[in-house]
Amino acid sequence: MFAYTIRRLGFALVTLWLATLLVFGAMLLIPGNPAQAILGIEATPEDVAALEARLGLDRPPLERYLNWLGGVLRGDLGQSIRYETPIAELIVARLGITLPIVLISLFLATLWAVPLGVLAARRAGSLVDLGVSMASLVGIVLPSFWVGLMFIYIFIVWLKLPLPTSFPIGGWANLERALAALVLPVLTVALASAAFLVRLVRGSVLEVLSQDFIRTARAKGLLERQVLYKHALRNAALPVVTVLGLEFANLLIATVVVETVFGIPGLGSLSLTAISARDYPLVQGVVLVIAAFIVLMNLWVDLLYALLDPRVSYA
Amino acid sequence: MPKLPLSLRLGAFLILCLLLMVLASALSPTDPNATTPSRLAPPLTQGHPLGTDILGRDTLARVLAGAQNALYVGLIAVGIGLSLGLFLGVLAGYVGGWLDQVLSVFLEALYALPALLLALLLAAIFQPGVTTSMVAIGLAAVPAFARVARAGVLSVKALPYIEAARALGMGHGRIMLRHVLPNILGPLVVQASLAFAVAILAEAALSYLGLGTQPPNPSWGRMLREAQSYQELTPYPVVFPGLAIGLAVLGFNLLGDGLRDYLDPRKKGQ
Amino acid sequence: MKRWFPIVGLVLVALAGWGLAQQRGGAITIAIQTEPAAWDPTQVAGADISRVVYDNVLQGLVKRNPKGEIVPSLATRWTVSDSGLTYTFTLRQGVKFHDGSDFTAQDVLAKFNRARNPDTRASGHLRPDLYRDIANITSPNPNTVVFNLRQPNNDFLFILSRPESLIGPRNRSLAEQRTQPIGTGPFRFAGWERGVAVRLERNPNYYLQGLPYLDRVNFRFLGDGDAQLAGLRAGDLDVIAYSLLPENAVVLSRDNNFRVFSGTATAEAVAGFNNSRPPFNDVRVRRAITLATNKDELIQGAMLGYGTKIGSMRSPGEACYVDLSNFNAYNPDEARRLLAEAGFTNQNPLRFTFNLAAEFPYERRIGEAMVAQLNRLGPLQVSIQVTDFNTWIQRVFTQADYAMTIIGHVEANDIGNYANPRYYWRYNSPRFQQLFTQYLRAPNQTKACEALAAAQRLLAEDAAGVWVMSLPALGAHRARVQNWPEGFLSPGISVAEVWVR
């Protein structure tokens, strides 16, 4: 197990390093002169040269990459061109809005998906099962941002619920309004995620229920409830728990889009601002941070799997 | 001949509908970009079965043209993902050794960059547009295809008849074409169908964010973005493109699931 | 007898309070469309910068009020010599900047010497060309500043009322002023929450007694029309100051909790040609495009009837306006005839690309609808390219690498841009340049207006652009907001006298 952990950690580090290479390398593909593209309006050659020097663009790419990487390792992602402030600060501030949405949604999705999935699996083939499966299919195929738009129409236009649809000024300092502003976005993201998880829970409970040790347990005369809770669920939990980690990545991406629907100043809006302002360092920073989250979640999933699954040997 | 799974038949039906939409769009006399004085007409208005948007453009014509756009983007993106993924996966699986390890790490790294992230990167570097979004969606699909191809190659490689072929002095290329590819075709088709569904969703999301298809070409995602600002006056220009996305994604998902069940040897004959 | 005095005073105060009923205190949040890159209009261009800071944070010698009139600000009065060459300003006394330092004549001198420095890299100041006519600036006594001009300039007071002419402390660093501007206005700049809002707070030492009424004012960056509407409904926003989508105006005007306000602005939606290049160096083609544009339909269609038809580069609210709205009116047959004359027919159509900037909802919508009209004609095949505003600035505005585009020109009195052959329209007409100089140097208002009228006519005859409409000035506020400025003709959204119930 220890050796596996070390190997898996090393793998994650290599992956992260490749991601930095990709994110940095992509910026070398910018057609023309990035400084010119950033300055745009009536930029003189002197202005362009000055910005090039400020961004370090006058250095060879390898040196620039090493400088940038060194900064990244120290938690310094450079300076935003658009805002003239440290990128790390900007990203941390936005994560403070995006991450709560992701985490609350994931929590809610699990809360809904597990009982529904178990119910559907226990009554496999029944009308209940059919209903749950159909509902989850609908949730999977509909784009979450569209569902968000429909929620705005239903809850705000139609039912006239007094929910704010944009994050308050002052952010979390204005706790009540901040929470109210997150109700619909969280609902949107959580529903999409629950739809996906229900299928998974149902599938893995069904799989476990068909296995020999369950038959044995039943044959021993254990109550159906005991069979379910003592044996089936415990075993079915493994794939579900690990998938939650992967689902985190999906949710992070979905949230980035859903933020736009609800006017939430999170990572999504930051990246769109960065793109339209041609703030290349900021784009690099945002993409790298999201990629790092995904890599770390994958790592967490694999380690957890190794730890929980007695059948897999990693010696 | 086992009975075709229900999901396969349903999926095929929905995709047939999608193709008919494209055909209808090609044959339709209504220009999806033409503005008319009849603005924000509700569905079932004379001449506008699904109503019109704020500029008086026919929603039906735009939804149909959106189907064309979705299929086009999906085809190119899946094409990129399939060809690159197949190449890398087969290479890794067939050659094995250190190349396999390096490629796996590389693909794992790419896996950490979903379509949306790649699209953000590409849109920043080049122009946001249909090309950058297709390439981004395609690249993001590469690891999944490569994984399927590699697994398939590994399972086939050990089979006796491959060794026999090699013993007979058959070249790598011919072994690949004659014996390996036909054996991994099934899982690849399943993966392609599922990737198509993902591509349609991703294209819609990117266009919604303004990073995908650019006007005047109608795209379902962009229609949603535009109609969002006046959904209080009429929800229909938001409703229909969303439903179209849902049905198209459902179609490809069902097709993929159905094919998998159909091709799964364990489930055959059930 | 003396005893009565305070009582009379109290009664008077009470009466005044009863009549006006303004309440002090409270806060409002105002939506603006974009988040500017910085907050000093002397260093960075952008209409939303001025909307926030002009007359709220930073002030100039004179200002334009919401009706577009030039009125005193840091100068209490001024005189102009008969020759039109000397402007003498009397400065307001006892004014302090937000950092506590005194506002003095030295600040004015430093500001305008910086402004007129042709080396913009050294000065960090935009548009030195505006201040070219200044020969020197002196301060004969601490209360007075005198500008001596090289030649008369009819626009001089207007220039002093521009956002570029706002005055900050003379020792303030440019970088600090960009992110944390300091001025003399009724509000001080309290903070910038990136991506969300800027916060202004009451200037407790404001020189006008009793003003401002509000304690705090937030300007919230919300580009999406629907997000603005939802914010207003939910109470997160109190005001959508401008660019309220026409469809949202329709919705809000049905609701008693809100007031929709509209008026004339100086924003012309200009579908501009690149006049220097084929095919638009041919006046027949330009006229044909104008004739193929059904402006009434665009106003009714894209803007739901909000907007005023115009026929040249001037809005009805501006001085010396000439109504040319029916000049080159919609006439598809004549458009086809002219295009055929220029060699373009249904079989051999004229193909070109129409550039749109993604961020501007009015212009994008008008542009898309206009392209649909042009494509309906037959001999035209127009495709659309949408880019973000920064790319638009670079490709279209700076390099003039485009055929046709559309954008709103917000600035008042911007017809002069056609006198600049390097401006992105690349309109080079010596006759027009002569007329505009005539206007600038005219000895009196009548002569100035005559020249400006001729200039407007010449532009229309030359079809140097398609002036589709004067964009509507549309906004809305919650009913609790009182005394919202009427009119859109100031560069700023001045909220000193706004109060809330």
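In which sense do S8(C) and S9(C) pair, and over how many bridges? This is a predicted model, so keep that in mind at each stop.

**Stop 1: the strands of chain C**

Select residues 187-193 and 197-202 of chain C. These are strands S8 and S9, and they pair in the antiparallel sense over 6 bridges. Look at the end of the pairing where C:Glu193 stands opposite C:Ala197 of S9(C). The hairpin has 3 residues between its strands. One of its residues, C:Gly195, takes a positive phi near 80 degrees.

Now add residues 216-221 of chain C, strand S10. S9(C) and S10(C) run antiparallel and are joined by 5 bridges. Label C:Arg199 and look across to S10(C): its bridge partner there is C:Asn218. S9(C) thus pairs with S8(C) and is joined to S10(C). Is S9(C) mostly covered or mostly open? Mostly covered: 5 of its 6 residues are buried.

**Stop 2: chain B as a whole**

Hide chain C and show chain B. Chain B has 9 helices and 0 strands. From the N terminus on, its elements read α-α-α-α-α-α-α-α-α. The C-alpha trace spans about 75 × 50 × 30 Å along its principal axes. Of the 270 residues in chain B, 57% are buried. Look at the contacts with a separation of 6 or more: 70% of them join residues 24 or more positions apart.

**Stop 3: H7 against H9 in chain B**

Select residues 172-208 and 236-263 of chain B, helices H7 and H9. Their axes are 8 Å apart and meet at an angle of about 165 degrees. Angles over 145 degrees count as roughly antiparallel, so H7(B) is roughly antiparallel to H9(B). The crossing is left-handed.

Show side chains along the contact. On H7(B), the contact residues include B:Gly186, B:Val189, B:Val190, B:Phe196, B:Ile200 and B:Ala204. On H9(B), they include B:Ile245, B:Val249, B:Phe252, B:Asn253, B:Leu259 and B:Arg260. Colour by residue class: the contact divides into 15 nonpolar, 4 polar and 1 charged.

**Stop 4: where chain B touches chain A**

Bring chain A into view. Here 32 residues of chain B are in contact with 35 residues of chain A. Which elements of chain B give two or more residues to this side? They are H3 (97-111), H4 (115-125), H7, H8 (220-228) and H9. Both helices from the previous stop, H7 and H9, are on that list. On the chain B side, the residues divide into 25 nonpolar, 5 polar and 2 charged.

**Stop 5: H1 against H12 in chain A**

Select residues 2-27 and 280-308 of chain A. These are helices H1 and H12, packed at an angle of about 160 degrees with their axes 10 Å apart. That angle makes H1(A) roughly antiparallel to H12(A). Is this crossing left-handed or right-handed? The crossing of H1(A) and H12(A) is right-handed, whereas that of H7(B) and H9(B) is left-handed.

Walk along the contact. H1(A) brings residues including A:Tyr4, A:Arg8, A:Ala12, A:Leu16, A:Val23, A:Phe24 and A:Met27. Among those they meet in H12(A) are A:Tyr280, A:Gln284, A:Leu288, A:Val295, A:Leu299, A:Asp302 and A:Ala306. Colour by class again: the contact of H1(A) with H12(A) divides into 16 nonpolar, 4 polar and 2 charged.

Terms used
Residues numbered from 1 in each chain as written. Chains lettered and ligands numbered in written order. Axes fitted to C-alpha atoms, helices over the stretch in contact; angles between N-to-C directions. Helix = DSSP H or I, 4+ residues; strand = E, 2+ residues; numbered from the N terminus. Parallel < 35°, antiparallel > 145°, perpendicular 65-115°, else oblique. Left-handed = near helix turned anticlockwise from the far one by under 90°. Contact = placed C-beta atoms within 7 Å. Nonpolar A, V, L, I, M, F, W, Y, C, P; charged D, E, K, R; others polar. Buried ≥ 20, exposed ≤ 12 C-beta atoms within 10 Å, placed from the backbone. Pairing = 2+ DSSP bridges.
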